[in-house]
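Trainee: Please take a close look with me at one part of this model, namely its strand pairing. I would also like to see how that part sits within the whole chain.

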Amino acid sequence: MHLTTNALVLREVNYKESDKILTLLTEAEGKLTVSARGCRKKDSPISSACQLLAWAEFTLYEFKGLWSVKETASERLFEGARADLDKLALASYFAEVTEALAEEGQAEPGLLAVTLNCLHALDKMDLPLARVKAAYEWRAMALAGYEPQIGRCGVCFREQPEEPCIHLGEGMLHCAACRDKLGEGVSMPLTSSALAALRHIVWGPRKRLLSFRLDGEGLQRLSEASEAYLMTRLERGFRTLDFYKQITYKLS
């Protein structure tokens, strides 16, 4: 069986002397684990596409239930992001989270699209990295079934909560004064502008995901809440996030 599809490389692991095991997020079949034989050889025609964050057309063949790479045609390597260590670290974090959220063999068109959109932003757009990171985290979580309840306060039902906060465990928006009526866990404060940005990220059209303006305290609170929400709901950390925070802290 052969399959030709565009795919994003989410993970690469060296295998044997010249091979790699790749995790792909494909347009046609969702997340797939494939073998790229000989791709680490100097003259390999598939080497360019068989690297982390490459977007390419892959021709795969299946033998005894295992997929292998037959041919590739690189379409985009996001070289602008690769040339900047901060951007490369953040792009790698996006790939690691996307791999964690995607289900093997299940089409994930929304998740693939938001990942590519945010990689494009890192590659070509001059935007604050914190804005791109927060937008990716909130939208990816919503697409994966963890959409927060942000229409109104979950306790008093006020559409514009006073001193808005989001409860990480419940995934619920609430007024600061309503906090005691929710269960245990951590709530993160937002600002009114951060809440408006959050609603745009979660509810707005995909192609306008990053078309919001937010800086200062609002962006800081949105970013802190997005990261905490993701790690709380997924109950895990990410080594690429640790690296990203390490290098940005050193450079700040």
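What follows is a walk along the paired strands, then a look at a few single residues and at the chain overall.

Mentor: Happy to. A word on the basis: this is a predicted model, in which local features need pLDDT of at least 70 and side-chain atom pairs count only at pLDDT 80 or more, while totals for chains, interfaces and linings use all residues. Residues are numbered from 1 along each chain as its sequence is written, and side-chain values use heavy atoms, with hydrogens and water left out.

Let's begin with the inventory. The protein chain has seven helices and eight strands; these are DSSP runs numbered from the N terminus, with helices being H or I of at least four residues and strands being E of at least two. Two strands are said to pair if DSSP finds at least two bridges between them.

Start at strand β1, residues 2–15. On one side, β1 pairs with β2 (residues 19–26) in the antiparallel sense, over eight bridges. Within that pairing, V9 stands opposite L24 of β2. The two strands form a hairpin with three residues between them, and one residue of the turn, K16, has a positive phi of about 55°.

β1 also has β4 (residues 55–63) as an antiparallel partner, this time over seven bridges. You can fix the register with two positions: T5 stands opposite F58, and N6 has E57 as its bridge partner.

Now move on from β4. β4 and β5 pair in the antiparallel sense as well, over nine bridges, and T59 has E71 in β5 as its bridge partner. They too make a hairpin, with two residues between the strands. In its turn, K64 has a positive phi of about 55°. Most residues other than glycine have a negative phi.

For a side chain to follow here, take K70, which is found in β5. K70 counts as partly exposed because its relative accessibility is 45%, where buried means under 20% relative accessible area, exposed over 50% and partly exposed in between (1.4 Å probe, protein chains only). Leaving aside neighbours within four places in sequence, K70 is in contact (heavy atoms within 4.5 Å) with H2, I46, T59, L60 and Y61. From K70 to L3, the C-alpha distance is 9.7 Å, although their positions lie 67 residues apart along the chain.

Just past this strand comes F78, in the loop between β5 (66–76) and α1 (79–82). Here again phi is positive, near 55°, in a residue other than glycine. F78 is buried, as its relative accessible area is 4%. Another positive phi, near 70°, belongs to F157, in the loop between α4 (129–146) and β6. F157 counts as exposed because its relative accessible area is 52%.

Further along the chain, L168 sits in the loop between β6 (164–167) and β7 (172–175). L168 is buried, with a relative accessible area of 4%. Beyond four places in sequence, it touches V186, M188, A225, A228, Y229, T232 and R233. The C-alpha atoms of L168 and Y229 are 5.2 Å apart, with 61 residues of sequence separation.

Finally, the frame around all this. The C-alpha trace of the protein chain spans about 65 × 40 × 30 Å along its principal axes. Its radius of gyration, 20 Å, agrees with the value near 18 Å for a compact globule of 252 residues; that radius is taken over C-alpha atoms, and the globule rule is 2.2 Å times the number of residues to the power 0.38. Buried residues make up 51% of the 252. Among contacts between residues at least 6 apart in sequence, 59% join residues at least 24 apart.
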